[in-house]
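Subject: Handing over the model

Hi,

Here is the structure I said I would pass on to you. Have a look at it first, and then read on for what turned up in it.

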Amino acid sequence: KETVGGTTYFYTDTTPAPLTGMVFPNYHLYPPTAPHVAYMQPKANAPSFFMADELRQELINRHLITMAQIDQADMPAVPTEVDSYHSLFPLEPLPPPNRIQKSSNFGYITSCYKAVNSKDELPYCLRRIHTLVFAYDFHAGGETMMSRHFSDPNADAYFTKRKWGQHDGPLPRQHAGLLPESLIWAYIVQLSSALRTIHTAGLACRVMDPTKILITGKTRLRVNCVGVFDVLTFDNSQNNNPLALMAQYQQADLISLGKVVLALACNSLAGIQRENLQKAMELVTINYSSDLKNLILYLLTDQNRMRSVNDIMPMIGARFYTQLDAAQMRNDVIEEDLAKEVQNGRLFRLLAKLGTINERPEFQKDPTWSETGDRYLLKLFRDHLFHQVTEAGAPWIDLSHIISCLNKLDAGVPEKISLISRDEKSVLVVTYSDLKRCFENTFQELIAAANDNDQINRTC
């Protein structure tokens with residue numbers, strides 16, 4: 001247990017008990033990268049003690065977006081609060097006050113915000129249909145499939161500018177700018193999985209559209225605005241059974257999925273227009289596998305029986321395992337990066353405590369407190385950590401030295417250490433266990449004084 005600011009924190013020791021003949025190190029160590037992850041990563045010139053820069057930047061960007069706020073003076077039209085939500089931040093350009101253009105999906109003027117719920121202080125996505133507000137999970141850094149894959153104004157040129165028959169068939173993939181088939185299958189697996197979950201619950205998605213499919217990271221998909229149509233089109237006159245048309249809506253979901261897949265295969269929304277379907281399917285036939293073509297045909301062709309999202313599993317086939325393996329490998333890489341920093345919180349607490357002690361200008365009306373007794377030893381230890389120099393007098397900076405010494409201090413190992421005064425006239429030989437005792441006693445002295453002061457303030 002550890003007491004900080006009057007609050008006691010308890011930590012459970014989950015270290016496995018050593019087997020007979022097994023010895024664990026008595027202070028924390030960083031093992032090398034696991035071999036099954038090491039071969040997937042580019043070789044670096046030096047070992048890394050921290051997570052990959054790409055993953056770190058991605059997480060930082062998500063944090064920045066999550067914490068972003070607006071200047072209320074510049075955006076007076078954004079309300080300060082909506083019900084229990086506050087700190088609204090527009091995720092889309094705000095519609096002008098006199099806007100009459102309605103959403104092509106819902107038939108209403110819409111807007112979208114990030115907001116914080118005052119009940120749990122967590123961020124959410126608010127989709128406002130300018131009669132209602134729907135709250136969804138917020139995924140920082142997400143972009144729509146429309147903006148990622150269908151924002152190129154030249155992508156539709158194949159269907160809109162060329163006359164069919166000018167060429168001996170569609171251009172090959174490498175010249176047509178088409179997406180890799182592996183990426184399309186990765187999307188199919190995720191979207192069909194989402195539909196399977198929704199349909200198994202006896203519900204329908206009804207918003208399987210590139211403008212409502214979010215992409216986070218490189219290929220992670222999420223479906224947005226689910227449930228909006230169920231509210232907007234609710235008809236209480238259907239024998240009080242809102243699920244009466246659910247089977248019909250589920251069939252429409254499969255058609256919508258087929259259109260999304262076809263648009264991705266053509267890299268163009270023009271390909272799903274009725275007059276372009278023949279061209280689009282020929283493009284798919286020439287550039288992609290027969291499985292992808294058959295899946296699209298199955299989803300878009302009228303059937304004599306009710307279709308199920310489970311019916312496309314044989315067409316996905318072993319590609320499902322390819323996506324599962326990719327997800328597991330990604331998980332292994334992230335876990336390996338997490339393992340590099342698993343001790344950072346503990347090391348930060350040590351440095352924070354040490355910083356509250358070293359060179360404190362005054363304590364209990366004693367201006368020399370930090371320069372005497374146990375505190376003087378901790379000051380010399382701080383110099384040993386951070387202020388080493390080479391024989392030529394240049395700074396000697398070695399992160400592994402700092403981490404190793406902090407780990408030994410935290411564990412209180414019996415290893416001896418030589419501490420040299422700044423004038424180099426004194427050399428003190430102590431053990432890390434001695435330093436740990438000085439460290440803990442001194443910090444507890446500060447905590448006791450802080451708690452006494454809080455008690456006095458509360459009494460006053």
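What follows is a walk through the findings, from the whole chain down to single side chains.

Before anything else, please keep in mind that this is a predicted model.

**The whole chain**

The protein chain has 16 helices and twelve strands. Of its 460 residues, 34% are buried. The accessible surface is about 27,900 Å², and carbon and sulfur atoms account for 54% of that. If you look at contacts between residues at least 6 apart in sequence, 62% of them join residues at least 24 apart. Several of the pairs described below link parts that are distant in sequence, and I give the separation for each.

**The strands**

Start with the open sheet. Five strands make it up, in the order β3-β4-β5-β6-β7, with antiparallel pairing. Which strands stand at the edges? They are β3 (81–82) and β7 (132–137). Each of these has a single partner strand, so one side of each is left without a neighbour in the sheet.

Inside that sheet, have a look at β5 (residues 110–117) and β6 (residues 123–129), which pair in the antiparallel sense over seven bridges. To find your place there, go to Y113: its bridge partner in β6 is L126.

There is also a hairpin to look at, made by β9 and β10 with three residues between them. Strand β9 covers residues 213–216 and β10 covers residues 220–223, and the two pair in the antiparallel sense over four bridges. T216 stands opposite R220 in β10. In the turn, G217 has a positive phi of about 65°.

**Salt bridges**

How many salt bridges does a search of the whole structure find? It comes up with 16. I picked out three of them for you.

One joins the side chains of E58 and R330, at 4.0 Å from N to O. E58 is in helix α2 (residues 53–67) and R330 is in helix α12 (residues 319–340), so this pair ties together parts that are 272 residues apart in sequence. R330 is partly exposed, with a relative accessible area of 42%.

Helix α12 comes up again with R319, whose side chain meets that of D291 in a salt bridge (3.0 Å, N to O). D291 sits in helix α10 (residues 290–300) and R319 in helix α12, so here the tied parts are 28 residues apart in sequence. Both ends are partly exposed: R319 has a relative accessible area of 23%, and D291 has 29%.

The third is between E359 and R422, where the closest N and O atoms are 3.4 Å apart. Here the two residues come from loops: E359 is in the one between α13 (344–357) and α14 (373–386), and R422 is in the one between β11 (416–420) and β12 (427–431), so the pair ties together parts that are 63 residues apart in sequence. E359 is partly exposed at 41% relative accessible area, while R422 is exposed at 52%. This pair also belongs to a wider set: E359, R382, D383 and R422 are linked in a network of salt bridges.

**Aromatic rings**

The count of aromatic pairs comes to five. One of them is Y85 with Y124, an edge-to-face pair at 6.1 Å centre to centre with 85° between the planes. Y85 lies in strand β4 (residues 85–90) and Y124 in strand β6, so the pair ties together parts that are 39 residues apart in sequence. Are these two tyrosines buried or exposed? Y85 and Y124 are both buried.

Another ring pair is F381 with Y432. Their centres are 6.3 Å apart and their planes are at 90°, so this pair is edge-to-face. F381 belongs to helix α14 and Y432 to helix α16 (residues 432–459), so the parts tied together are 51 residues apart in sequence. F381 is buried, and Y432 is buried as well.

Last, what sits over the ring of Y249? It is the charged end of R206, 3.7 Å from the ring centre.

Happy browsing!

Key. Residues numbered from 1 in each chain as written. Predicted model: local features only at pLDDT ≥ 70, side-chain atom pairs only at ≥ 80, totals over all residues. Heavy atoms only, no water. Pairing = 2+ DSSP bridges. Buried < 20%, exposed > 50% of the residue type's maximum accessible area, 1.4 Å probe, protein only. Contact = heavy atoms within 4.5 Å. Areas by Shrake-Rupley, 256 points an atom, 1.4 Å probe, with all protein chains shown as cover. Phe/Tyr/Trp six-rings, centres within 6.5 Å; stacked < 30°, edge-to-face > 60°. Lys NZ or Arg CZ within 6 Å of the ring centre and 35° of its normal.
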